[in-house]
Amino acid sequence: MPWSWRYEGANGESAEGPAETFGSQADAESWIGQQWRELASSGVALVELVEDDRVEYRMSLAPTAG
């Protein structure tokens, strides 16, 4: 089953992002690990990892306080 990311802006609206698909969850997570800063700087606030139409999880792209 293909994996992909959905993108949301700060107000919960859909945001534009790359329409990449991946063969595994690990591949999708590796990709977001490399791309999240660029996505966040373009206005993406939250991503959802999706397998077909099932949402696996949602994740904020906001940096954590440290």
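In what order do the elements of the chain run from the N terminus on? In this predicted model, the order is β-β-α-β-β, and the views below go from the whole chain to its salt bridges.

**View 1. The whole chain, with 1 helix and 4 strands.** The C-alpha atoms fill a box of roughly 35 × 25 × 20 Å along the principal axes. A compact globule of 66 residues would have a radius of gyration near 11 Å, and the chain, at 11 Å, agrees with that expectation. Buried residues make up 29% of the 66 residues, and the accessible surface comes to about 4,300 Å², with 48% of it belonging to carbon and sulfur atoms. Among contacts with a separation of 6 or more, 50% are accounted for by residues that stand 24 or more positions apart.

**View 2. The charged side chains of the chain, 4 positive and 12 negative.** The centres of the two sets lie 5 Å apart. Side chains of opposite charge can pair when their charged atoms come close. The structure holds 6 salt bridges, and the views that follow show some of the pairs.

**View 3. The salt bridge between Arg 6 and Asp 53.** The closest N and O atoms of this pair are 3.9 Å apart, and the pair falls under the cut-off of 4 Å that is used for a salt bridge. Arg 6 belongs to strand E1 (residues 3-8), whereas Asp 53 sits in the loop between strand E3 (46-51) and strand E4 (54-60), so the pair ties together parts that are 47 residues apart in sequence. Arg 6 is partly exposed, with a relative accessible area of 36%, while Asp 53, at 69% relative accessibility, counts as exposed.

**View 4. The salt bridge between Arg 58 and Glu 48.** Here the closest N and O atoms are 2.6 Å apart. The pair links distant parts of the chain, with Arg 58 in strand E4 and Glu 48 in strand E3, 10 residues apart. Arg 58 counts as partly exposed at 47% relative accessibility, whereas Glu 48 has a relative accessible area of 10% and is therefore buried.

**View 5. The salt bridge between Glu 51 and Arg 54.** The side chains of Glu 51 and Arg 54 meet at 2.6 Å, taken from N to O. Because its relative accessibility is 18%, Glu 51 counts as buried, whereas Arg 54 is partly exposed, with a relative accessible area of 41%.

**View 6. A network of salt bridges that includes Glu 8.** The residues linked in this network are Arg 6, Glu 8, Glu 48, Asp 53 and Arg 58, and they thus take in the pair of Arg 6 with Asp 53 as well as the pair of Arg 58 with Glu 48. Glu 8 lies in strand E1 and, at 16% relative accessibility, counts as buried.

**View 7. The surroundings of Glu 8.** With its neighbours within four places in sequence left aside, Glu 8 is in contact with Glu 13, Ala 15, Gly 43, Val 44, Ala 45, Leu 46, Glu 48 and Arg 58. Two of these contact residues, Glu 48 and Arg 58, also form the salt bridge of View 4, and both are linked with Glu 8 in the network of salt bridges.

Note on methods: Residues numbered from 1 in each chain as written. Predicted model: local features only at pLDDT ≥ 70, side-chain atom pairs only at ≥ 80, totals over all residues. Heavy atoms only, no water. Helix = DSSP H or I, 4+ residues; strand = E, 2+ residues; numbered from the N terminus. Rg over C-alpha atoms; globule rule 2.2 N^0.38 Å. Buried < 20%, exposed > 50% of the residue type's maximum accessible area, 1.4 Å probe, protein only. Contact = heavy atoms within 4.5 Å. Areas by Shrake-Rupley, 256 points an atom, 1.4 Å probe, with all protein chains shown as cover. Lys, Arg positive; Asp, Glu negative; His and termini not counted. Charge placed at Lys NZ, Arg CZ, Asp CG, Glu CD.
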